[in-house]
Amino acid sequence: MELPSIVPPPHGQAWPEAPADAAGMNWMWLEEAGRFAAENETEWPTDLRLHLESGFFEPPPFNRLLGPIRPRGPANGLVLRRGFKIASWGDTDQVDFTFSAAKSYLSLLAGIAVMDGLIGDLDEPVRRTVDDGGFDSDQNSAVTWRHLLQHTSEWQGELFGKSDSIDWHRRIGLEGKARKGEPRTLGPPGSHWEYNDVRVNRLSLALLRRFRRPLPEVFAERIMAPIGASRDWSWHGYSTSAVEIDGRMIESVSGGTHWGGGMLIHAEDQARIGLLMQRRGEWAGRRILPRGWIGESLQPCPLNPVYGLLWWLNTNGGRYISAPETSFFASGAGGNLTWVAPRQELVAVLRWTDPSAIDTFIRLIMQALEQ
(Lines give C-alpha, C1' and ligand atoms only; values in the text may rest on other atoms or scores of the structure.)
Protein backbone atom coordinates (compact mmCIF):
# COMPACT_ATOMS: atom_id res chain seq x y z
CA MET A 1 0.00 0.00 0.00
CA GLU A 2 1.42 3.35 -1.03
CA LEU A 3 2.17 5.80 1.76
CA PRO A 4 -0.42 8.62 1.72
CA SER A 5 0.52 12.29 2.07
CA ILE A 6 -0.29 13.75 5.46
CA VAL A 7 -0.26 17.08 7.24
CA PRO A 8 1.56 16.66 10.56
CA PRO A 9 -0.34 17.78 13.67
CA PRO A 10 0.73 20.95 15.49
CA HIS A 11 3.96 20.98 17.45
CA GLY A 12 3.58 19.29 20.83
CA GLN A 13 1.76 16.31 19.36
CA ALA A 14 3.72 13.32 18.10
CA TRP A 15 4.90 13.67 14.51
CA PRO A 16 3.59 10.60 12.63
CA GLU A 17 6.37 8.21 11.67
CA ALA A 18 6.57 5.59 8.94
CA PRO A 19 9.03 2.74 8.46
CA ALA A 20 11.34 2.91 5.49
CA ASP A 21 9.63 0.16 3.50
CA ALA A 22 6.22 1.81 3.86
CA ALA A 23 7.81 5.02 2.55
CA GLY A 24 9.20 3.16 -0.44
CA MET A 25 12.78 3.33 0.81
CA ASN A 26 15.53 0.90 1.73
CA TRP A 27 15.96 0.91 5.51
CA MET A 28 19.68 0.13 5.42
CA TRP A 29 20.57 3.11 3.22
CA LEU A 30 18.21 5.35 5.18
CA GLU A 31 19.76 4.30 8.48
CA GLU A 32 23.23 4.77 7.04
CA ALA A 33 22.34 8.31 5.91
CA GLY A 34 21.26 9.30 9.43
CA ARG A 35 24.31 7.70 11.01
CA PHE A 36 26.59 9.41 8.50
CA ALA A 37 25.08 12.83 9.17
CA ALA A 38 25.35 12.37 12.95
CA GLU A 39 28.99 11.27 12.72
CA ASN A 40 30.06 14.04 10.32
CA GLU A 41 29.50 17.08 12.49
CA THR A 42 30.71 20.49 11.37
CA GLU A 43 34.23 21.49 12.31
CA TRP A 44 32.89 24.74 13.77
CA PRO A 45 33.48 25.02 17.53
CA THR A 46 30.47 25.08 19.84
CA ASP A 47 31.48 28.60 20.98
CA LEU A 48 30.03 30.59 18.06
CA ARG A 49 31.02 33.93 19.56
CA LEU A 50 34.66 32.89 19.65
CA HIS A 51 34.38 31.55 16.09
CA LEU A 52 32.92 34.76 14.67
CA GLU A 53 35.21 37.05 16.67
CA SER A 54 38.24 35.07 15.51
CA GLY A 55 37.62 36.41 12.00
CA PHE A 56 35.86 33.53 10.22
CA PHE A 57 33.90 35.88 7.95
CA GLU A 58 36.26 38.88 8.00
CA PRO A 59 39.04 40.34 10.17
CA PRO A 60 38.66 43.06 12.84
CA PRO A 61 37.20 45.62 12.98
CA PHE A 62 34.72 44.54 10.30
CA ASN A 63 33.72 41.41 12.23
CA ARG A 64 32.35 43.30 15.25
CA LEU A 65 29.23 41.53 16.50
CA LEU A 66 26.07 43.63 16.68
CA GLY A 67 23.45 41.04 17.62
CA PRO A 68 23.01 38.23 20.13
CA ILE A 69 24.97 35.00 19.78
CA ARG A 70 25.19 31.85 21.87
CA PRO A 71 26.88 28.42 21.71
CA ARG A 72 25.51 25.82 19.32
CA GLY A 73 24.43 22.30 20.15
CA PRO A 74 25.42 18.98 18.54
CA ALA A 75 24.49 17.81 15.05
CA ASN A 76 20.89 16.72 14.52
CA GLY A 77 18.34 16.40 11.77
CA LEU A 78 15.43 14.56 10.24
CA VAL A 79 13.96 13.29 6.98
CA LEU A 80 10.32 13.49 5.89
CA ARG A 81 8.56 11.66 3.10
CA ARG A 82 4.99 12.63 2.22
CA GLY A 83 4.83 14.39 5.57
CA PHE A 84 5.80 11.35 7.65
CA LYS A 85 9.01 11.35 9.67
CA ILE A 86 11.07 8.46 8.39
CA ALA A 87 14.45 9.18 10.02
CA SER A 88 15.93 11.45 12.68
CA TRP A 89 19.11 11.81 14.69
CA GLY A 90 20.13 13.94 17.64
CA ASP A 91 17.83 16.38 19.39
CA THR A 92 15.57 17.83 16.69
CA ASP A 93 13.98 20.23 19.23
CA GLN A 94 17.37 21.86 19.86
CA VAL A 95 17.05 25.59 19.18
CA ASP A 96 20.11 27.09 17.47
CA PHE A 97 21.01 29.96 15.19
CA THR A 98 20.60 28.88 11.57
CA PHE A 99 22.72 31.59 9.88
CA SER A 100 21.73 32.30 6.25
CA ALA A 101 18.85 29.84 6.11
CA ALA A 102 17.00 32.87 7.51
CA LYS A 103 17.36 34.55 4.10
CA SER A 104 14.85 32.07 2.70
CA TYR A 105 12.40 33.09 5.44
CA LEU A 106 12.66 36.69 4.23
CA SER A 107 11.64 35.35 0.82
CA LEU A 108 8.50 33.88 2.40
CA LEU A 109 7.70 37.26 3.92
CA ALA A 110 8.19 38.90 0.53
CA GLY A 111 5.59 36.45 -0.78
CA ILE A 112 3.18 37.50 1.97
CA ALA A 113 3.84 41.16 1.05
CA VAL A 114 2.91 40.33 -2.56
CA MET A 115 -0.24 38.55 -1.38
CA ASP A 116 -1.23 41.60 0.68
CA GLY A 117 -0.55 44.06 -2.13
CA LEU A 118 2.33 45.67 -0.23
CA ILE A 119 4.60 44.78 -3.15
CA GLY A 120 2.76 45.31 -6.41
CA ASP A 121 5.50 44.27 -8.82
CA LEU A 122 8.85 42.66 -8.04
CA ASP A 123 10.38 44.66 -10.88
CA GLU A 124 9.37 48.10 -9.65
CA PRO A 125 11.98 50.23 -7.86
CA VAL A 126 11.80 49.82 -4.09
CA ARG A 127 11.94 53.63 -3.66
CA ARG A 128 8.39 53.93 -5.02
CA THR A 129 6.99 52.48 -1.82
CA VAL A 130 9.92 52.74 0.64
CA ASP A 131 10.84 56.34 1.32
CA ASP A 132 13.53 56.26 4.00
CA GLY A 133 16.51 57.66 2.12
CA GLY A 134 18.04 54.26 1.45
CA PHE A 135 17.14 54.29 -2.24
CA ASP A 136 17.57 57.96 -3.11
CA SER A 137 21.09 57.93 -4.55
CA ASP A 138 21.84 57.52 -8.24
CA GLN A 139 23.36 54.10 -7.48
CA ASN A 140 20.35 52.85 -5.53
CA SER A 141 17.35 54.53 -7.13
CA ALA A 142 16.78 51.77 -9.70
CA VAL A 143 17.08 48.87 -7.23
CA THR A 144 14.00 46.64 -7.45
CA TRP A 145 12.57 44.06 -5.08
CA ARG A 146 13.74 41.32 -7.45
CA HIS A 147 17.29 42.69 -7.37
CA LEU A 148 17.32 42.50 -3.58
CA LEU A 149 15.82 39.00 -3.56
CA GLN A 150 18.32 37.72 -6.15
CA HIS A 151 21.50 39.34 -4.72
CA THR A 152 21.89 41.49 -7.84
CA SER A 153 21.01 44.91 -6.40
CA GLU A 154 24.51 46.47 -6.21
CA TRP A 155 22.97 48.56 -3.42
CA GLN A 156 25.57 50.86 -1.89
CA GLY A 157 25.67 52.30 1.58
CA GLU A 158 26.05 51.69 5.28
CA LEU A 159 23.30 50.06 7.32
CA PHE A 160 23.24 49.59 11.09
CA GLY A 161 27.00 50.20 11.26
CA LYS A 162 28.03 47.84 8.44
CA SER A 163 29.04 48.93 4.92
CA ASP A 164 27.99 46.90 1.90
CA SER A 165 31.66 46.88 0.87
CA ILE A 166 32.46 44.36 3.64
CA ASP A 167 30.99 41.62 1.45
CA TRP A 168 32.40 42.71 -1.92
CA HIS A 169 34.02 39.75 -3.72
CA ARG A 170 32.55 37.34 -1.16
CA ARG A 171 32.69 33.70 -2.21
CA ILE A 172 30.60 31.10 -0.40
CA GLY A 173 32.85 28.41 1.04
CA LEU A 174 35.86 30.72 1.05
CA GLU A 175 34.76 32.97 3.88
CA GLY A 176 37.38 35.45 5.03
CA LYS A 177 39.67 34.51 2.14
CA ALA A 178 40.39 35.44 -1.46
CA ARG A 179 39.53 39.08 -2.30
CA LYS A 180 36.66 39.59 0.13
CA GLY A 181 36.22 43.26 0.96
CA GLU A 182 38.65 44.55 -1.66
CA PRO A 183 37.49 47.64 -3.58
CA ARG A 184 35.66 47.23 -6.88
CA THR A 185 33.60 49.38 -9.21
CA LEU A 186 29.88 48.88 -8.68
CA GLY A 187 27.72 48.27 -11.71
CA PRO A 188 24.09 49.26 -12.19
CA PRO A 189 21.43 47.24 -10.36
CA GLY A 190 20.90 43.87 -12.02
CA SER A 191 24.39 43.66 -13.50
CA HIS A 192 26.29 41.64 -10.88
CA TRP A 193 25.48 38.74 -8.51
CA GLU A 194 27.03 39.01 -5.05
CA TYR A 195 26.13 37.33 -1.77
CA ASN A 196 25.98 40.32 0.52
CA ASP A 197 24.51 40.34 4.03
CA VAL A 198 24.25 44.13 4.27
CA ARG A 199 22.02 44.18 1.19
CA VAL A 200 19.89 41.35 2.58
CA ASN A 201 19.45 43.40 5.75
CA ARG A 202 18.43 46.34 3.54
CA LEU A 203 15.70 44.07 2.09
CA SER A 204 14.58 43.12 5.60
CA LEU A 205 14.30 46.79 6.54
CA ALA A 206 12.37 47.53 3.33
CA LEU A 207 9.90 44.74 4.16
CA LEU A 208 9.52 46.15 7.68
CA ARG A 209 8.73 49.55 6.16
CA ARG A 210 5.96 47.97 4.07
CA PHE A 211 4.43 45.79 6.81
CA ARG A 212 4.88 48.50 9.46
CA ARG A 213 4.98 45.69 12.02
CA PRO A 214 7.84 43.61 13.42
CA LEU A 215 8.65 40.92 10.86
CA PRO A 216 8.71 38.17 13.52
CA GLU A 217 5.08 39.05 14.34
CA VAL A 218 4.10 38.70 10.69
CA PHE A 219 6.09 35.48 10.35
CA ALA A 220 4.42 33.99 13.41
CA GLU A 221 0.91 35.01 12.40
CA ARG A 222 0.99 34.28 8.67
CA ILE A 223 3.37 31.33 8.38
CA MET A 224 4.38 29.59 11.61
CA ALA A 225 1.00 29.44 13.37
CA PRO A 226 -0.89 28.14 10.30
CA ILE A 227 1.63 25.31 9.78
CA GLY A 228 1.53 24.27 13.43
CA ALA A 229 5.06 25.34 14.30
CA SER A 230 6.27 25.73 17.86
CA ARG A 231 6.80 28.98 19.71
CA ASP A 232 10.40 28.00 20.42
CA TRP A 233 11.88 30.06 17.57
CA SER A 234 12.86 33.73 17.72
CA TRP A 235 14.23 36.21 15.17
CA HIS A 236 16.70 38.92 16.12
CA GLY A 237 18.35 42.01 14.73
CA TYR A 238 21.16 44.13 16.11
CA SER A 239 21.66 46.57 18.94
CA THR A 240 21.85 49.17 16.15
CA SER A 241 18.87 48.09 14.02
CA ALA A 242 15.85 49.66 15.72
CA VAL A 243 13.93 52.13 13.55
CA GLU A 244 10.93 54.33 14.27
CA ILE A 245 7.69 53.40 12.57
CA ASP A 246 4.41 55.10 13.40
CA GLY A 247 5.83 56.44 16.64
CA ARG A 248 7.33 53.24 18.00
CA MET A 249 10.80 51.73 17.81
CA ILE A 250 10.88 48.37 16.01
CA GLU A 251 13.92 46.14 15.61
CA SER A 252 14.74 45.27 12.01
CA VAL A 253 15.79 41.61 11.96
CA SER A 254 18.83 40.30 10.11
CA GLY A 255 18.90 37.75 7.31
CA GLY A 256 21.66 35.73 8.94
CA THR A 257 24.03 35.48 11.88
CA HIS A 258 27.08 36.94 10.15
CA TRP A 259 27.34 39.63 12.88
CA GLY A 260 25.15 37.91 15.46
CA GLY A 261 21.37 37.98 15.50
CA GLY A 262 19.22 36.17 12.97
CA MET A 263 16.93 33.20 13.45
CA LEU A 264 17.01 30.82 16.41
CA ILE A 265 15.00 27.73 15.42
CA HIS A 266 14.97 23.96 15.65
CA ALA A 267 14.91 21.26 12.98
CA GLU A 268 11.25 20.33 13.57
CA ASP A 269 10.07 23.84 12.70
CA GLN A 270 12.44 24.03 9.74
CA ALA A 271 10.98 20.76 8.44
CA ARG A 272 7.50 22.30 8.53
CA ILE A 273 8.72 25.26 6.48
CA GLY A 274 10.32 22.85 4.01
CA LEU A 275 7.07 20.90 3.76
CA LEU A 276 5.13 24.12 3.10
CA MET A 277 7.51 24.86 0.24
CA GLN A 278 7.33 21.30 -1.09
CA ARG A 279 3.55 21.65 -1.19
CA ARG A 280 3.67 24.89 -3.15
CA GLY A 281 2.55 27.17 -0.34
CA GLU A 282 -0.54 25.24 0.79
CA TRP A 283 -1.16 23.62 4.18
CA ALA A 284 -4.17 21.43 4.94
CA GLY A 285 -6.09 23.00 2.05
CA ARG A 286 -5.27 26.54 3.13
CA ARG A 287 -3.20 28.82 0.93
CA ILE A 288 -0.39 30.32 3.01
CA LEU A 289 1.72 31.79 0.20
CA PRO A 290 0.32 33.36 -2.97
CA ARG A 291 -0.38 31.11 -5.90
CA GLY A 292 2.67 31.09 -8.15
CA TRP A 293 5.05 32.44 -5.51
CA ILE A 294 6.96 29.18 -5.12
CA GLY A 295 7.48 28.95 -8.88
CA GLU A 296 8.63 32.58 -8.94
CA SER A 297 11.02 31.91 -6.06
CA LEU A 298 12.58 28.95 -7.85
CA GLN A 299 13.25 30.66 -11.17
CA PRO A 300 17.04 30.70 -11.77
CA CYS A 301 18.69 34.10 -11.63
CA PRO A 302 20.19 34.89 -15.06
CA LEU A 303 23.47 35.86 -13.36
CA ASN A 304 23.59 32.77 -11.14
CA PRO A 305 21.47 29.79 -12.25
CA VAL A 306 21.77 28.04 -8.86
CA TYR A 307 19.98 30.90 -7.09
CA GLY A 308 16.36 32.02 -7.08
CA LEU A 309 14.66 34.48 -4.74
CA LEU A 310 16.76 33.82 -1.62
CA TRP A 311 16.58 30.06 -2.22
CA TRP A 312 19.46 27.98 -3.53
CA LEU A 313 18.62 25.86 -6.59
CA ASN A 314 20.18 22.77 -8.13
CA THR A 315 20.13 23.76 -11.79
CA ASN A 316 22.20 21.22 -13.74
CA GLY A 317 23.28 19.70 -10.43
CA GLY A 318 25.17 22.89 -9.71
CA ARG A 319 24.65 22.87 -5.94
CA TYR A 320 24.72 19.16 -5.01
CA ILE A 321 25.48 16.70 -7.79
CA SER A 322 23.70 13.83 -6.01
CA ALA A 323 20.41 15.71 -5.54
CA PRO A 324 17.62 15.81 -8.14
CA GLU A 325 17.86 18.87 -10.35
CA THR A 326 14.47 20.07 -9.11
CA SER A 327 15.78 20.25 -5.52
CA PHE A 328 16.07 23.54 -3.69
CA PHE A 329 17.60 24.58 -0.39
CA ALA A 330 17.60 27.01 2.52
CA SER A 331 21.27 27.06 3.45
CA GLY A 332 23.23 28.53 6.34
CA ALA A 333 26.91 28.55 7.24
CA GLY A 334 28.21 25.89 9.57
CA GLY A 335 26.26 23.06 7.94
CA ASN A 336 22.63 24.18 8.34
CA LEU A 337 20.50 23.00 5.45
CA THR A 338 16.87 22.40 4.55
CA TRP A 339 16.73 20.25 1.41
CA VAL A 340 13.44 19.99 -0.49
CA ALA A 341 13.04 17.45 -3.30
CA PRO A 342 9.46 18.08 -4.48
CA ARG A 343 9.10 15.30 -7.04
CA GLN A 344 10.32 12.74 -4.50
CA GLU A 345 8.12 14.34 -1.78
CA LEU A 346 11.19 14.57 0.44
CA VAL A 347 12.23 17.16 3.00
CA ALA A 348 15.45 16.81 4.99
CA VAL A 349 16.86 19.13 7.63
CA LEU A 350 20.53 19.02 8.56
CA ARG A 351 21.85 20.95 11.55
CA TRP A 352 25.61 21.33 12.02
CA THR A 353 26.59 18.74 9.42
CA ASP A 354 30.05 19.17 7.87
CA PRO A 355 29.33 20.91 4.54
CA SER A 356 31.77 18.59 2.77
CA ALA A 357 29.62 15.61 3.86
CA ILE A 358 26.25 16.92 2.69
CA ASP A 359 26.42 15.61 -0.88
CA THR A 360 27.23 12.12 0.42
CA PHE A 361 24.24 12.31 2.77
CA ILE A 362 22.04 13.25 -0.19
CA ARG A 363 23.48 10.39 -2.26
CA LEU A 364 22.64 7.91 0.53
CA ILE A 365 19.06 9.18 0.70
CA MET A 366 18.70 8.88 -3.07
CA GLN A 367 20.12 5.33 -2.92
CA ALA A 368 17.51 4.52 -0.28
CA LEU A 369 14.82 5.69 -2.70
CA GLU A 370 16.15 3.42 -5.42
CA GLN A 371 15.92 0.42 -3.08
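This passage describes the salt bridges, one helix and one sheet of a predicted model.

Local features were taken only where pLDDT is at least 70 and side-chain atom pairs only at pLDDT 80 or more, while totals for chains, interfaces and linings use all residues. Residues are numbered from 1 along each chain as its sequence is written, and side-chain values rest on heavy atoms, with hydrogens and water left out.

We may begin with the charged pairs. With a salt bridge taken as a side-chain nitrogen of Lys or Arg within 4 Å of a carboxyl oxygen of Asp or Glu, the model holds 21 salt bridges. One of them joins Lys 85 to Glu 268, with the closest N and O atoms 2.9 Å apart. Because Lys 85 belongs to strand β2 (residues 84–89) and Glu 268 to helix α7 (residues 267–278), this pair ties together parts that are 183 residues apart in sequence. Here helices (H or I, at least four residues) and strands (E, at least two) are DSSP runs, numbered from the N terminus. Both Lys 85 and Glu 268 are buried, where buried means under 20% relative accessible area, exposed over 50% and partly exposed in between (1.4 Å probe, protein chains only).

A further salt bridge links Asp 116 and Arg 222 at 2.8 Å, N to O. Asp 116 sits in the loop between α3 (101–115) and α4 (145–150) and Arg 222 in helix α6 (residues 215–224), so parts 106 residues apart in sequence are tied together. Asp 116 is partly exposed at 37% relative accessibility, and Arg 222 is partly exposed at 22%. Elsewhere, Glu 154, Asp 164, Arg 184, Glu 194 and Arg 199 form a network of salt bridges.

Helix α9 (residues 358–370) has 13 residues, and its end C-alpha atoms lie 19 Å apart, in agreement with the 18 Å expected at 1.5 Å a residue; the expected span is 1.5 Å times one less than the number of residues. Among its buried residues are Ile 358, Phe 361 and Leu 369. The buried residues of α9 pack against elements including α1 (27–39), β1 (76–81) and β2, contact meaning heavy atoms within 4.5 Å.

Turning to the sheet, four strands form an open, antiparallel arrangement in the order β3-β8-β6-β7. Its edge strands, β3 (96–97) and β7 (248–253), each pair on one side only; two strands pair if DSSP finds at least two bridges between them. Strand β6 (residues 234–245) pairs with β7 over five bridges, and Ile 245 stands opposite Arg 248 in β7.
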